[in-house]
Amino acid sequence: MKKTSFMVSLIVPIIFSTTLLATKANHSTEWKSYSNIATDKKWTITFQQSIDRQSITGNVFLIDANNKPIAITTTTSGKQLTIQPATRLKHQASYKIIVTNQLQSTKGKAMNEEIIIPFTTVKETATTAVKTFASEYDLQWQMPSADYKQFHLVGTKNHEAVGGYETRAGHTVFDIKIGGTRDSVKAAYGAPLASITKYNTKYTLNYTDKYDQETSGTYLIDGQYVTFFYDAHQNNRVRSVSWVNAATEMSKPGFFATPSTALRGSFEDLMVELINQTRVAHGLHPLIYTPTYNSIAREHSTSMADNDFFGHSDLDGLRGGDRMKKGGVTYNWWGENLAYGQYSAIHAHEALMNSLGHRENILRKEFTHVFVGVDFNSNNQPYFTINFYSL
C-alpha cells in the first residue's frame, strides 16, 4: 500500500534584568560585588528622576580589570537606565559599571550620584552533547540529550552559547512558553520584523505560507534574533522557538548559507532528529534512521536542484516508491516529503509540519524507517527529499 504526500511551497540564554535603586546623594556609591554573572548580562538602574538621554555619553561606562573601556549599549525609559555589553564578555573576569555624578535629569541638573557596580562573570562550562550538527551559521548545534521528550539544541561558538532551539513543552524562553499562543507573542512583542538588513542588502521576511497561514514570526529581542514557530493545526500554539545572537545572524553573508559536505550531512541528520522529536511528542515511536540509503533521496534532490524543478516525479517519471525500490529498499508502506525554499533543516521541518499532507507523513504510525537526502542549487538553496517506509 502506498502513501505519497504533496509538495510544500515555499531564529538562549534568557537575559534577566537586575534592577538597582540609585539614592540621591552627592557622593560615590559602590554596590556590592556580584558574581557568576552571564557574559551578556543586562543591568537596569532606577534613579529618582527621569534621565536625560543625551547626557549618557561620557557619563556611563563599562570597564575591565585593567580599566579598559568595553563597548556597551544603553537605553533609557523615564527613570530607568539599561546597560548591556555590546559583545559577550570574557568568562570568569572582573568588570565594573560606572555612572558618573554628572549624569543629568531631564530638568538639566546632575544626578549628583556616582555609581560603581563591580561584578565577575560566570565560569566557562563545556556543553556535553550526544550529537553535534553543522549549521547555516558560524555555530555548531549541540544536542544535549538523547531523550526526545527533552529535545533542544544549543548553538555554540568558541565554547559559548550563541543560539538555541527549544521544543520542550512548558519551557519558557523570552517570556513565552512552549505551547503558548501566537497571540501571547504578539501581545508581548507586537508585529514581527519585516526584514533584516545585511551588508546594505535588505532581506524581506515572509511569515505566511502558501495556505495563507501565519506560521512564524521573527523578532529582535535583547540582542537576539528570535523566531517563534506556530502550529497552524493546533490553534496556532507556539510549537518551538529558535534564536541566534545578532552578531551570529550578521555573520551569515546572505539568506542562504554556503553549501558544504558537512552542512549537507548535518541538514540530513538533523532533519531525522526533528522528525523523531515531533513523533515522540505526539505519542509515536521514533523512526529508525537508515543513512545508507541517503544517496537515493540525495539523487532526487540533486536532480531538482540542477534541473530547476520541484516535484515527486523525477525526469524519468519515477516517483519516490519507484526510486526506493530501484535503490534496493524493501518496504510495505512508503511516503515522501519534499521541501525547498527554507534555509535550514529547522525551518524546513517547521514548514512541513504546517502542511497537512506532509504532517500526516511525519506522524504516520505505520512508518518505521526514514532516510533523507539534501543538495543545493546554484543560489545555495537547499532541496530536501525525505523518504519514509515500513518493512
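Start with one cross-strand pair: Phe376 sits opposite Pro382 of strand 24. This is a predicted model, so keep that in mind throughout. The pair belongs to strand 23 (residues 369-376) and strand 24 (residues 382-390), two antiparallel strands joined by eight bridges.

Helix 6 (residues 345-353) packs on the sheet here, where it touches strand 22 and strand 24. Its direction makes about 120° with that of strand 22.

Zooming out, the sheet is an open one of four strands, ordered 21-23-24-22, and the pairing is mixed. Strand 21 (288-289) and strand 22 (333-340) are the edge strands with a single partner each, so one side of each has no neighbour in the sheet.

Helix 4 (residues 294-307) lies across strand 21, strand 22, strand 23 and strand 24. The two helix angles look like this:

| Helix | Reference strand | Angle |
|---|---|---|
| Helix 4 (residues 294-307) | strand 23 | about 30° |
| Helix 6 (residues 345-353) | strand 22 | about 120° |

Now for a hairpin elsewhere in the numbering. Strand 16 pairs with strand 17 (residues 201-204) in the antiparallel sense, over four bridges. Ile196 is the residue opposite Tyr203 of strand 17. Two residues separate the strands of this hairpin, and Tyr199 adopts a positive phi near 50°.

Which residues of strand 16 are buried, and which are not? In a regular strand, side chains alternate between the two faces of the sheet. Strand 16 (residues 195-198) shows that alternation: Ile196 and Lys198 point to one face and are buried, whereas Ser195 and Thr197 point to the other and are not.

Key
Residues are numbered from 1 along each chain as its sequence is written. This is a predicted model: local features need pLDDT of at least 70, side-chain atom pairs count only at pLDDT 80 or more; totals for chains, interfaces and linings use all residues. Side-chain values use heavy atoms; hydrogens and water are left out. Two strands pair if DSSP finds at least two bridges between them. Contact means heavy atoms within 4.5 Å. Axes are lines fitted to C-alpha atoms, for helices over the stretch in contact, and angles run from 0 to 180 degrees between N-to-C directions. Buried means under 20% relative accessible area, exposed over 50%, partly exposed in between (1.4 Å probe, protein chains only).
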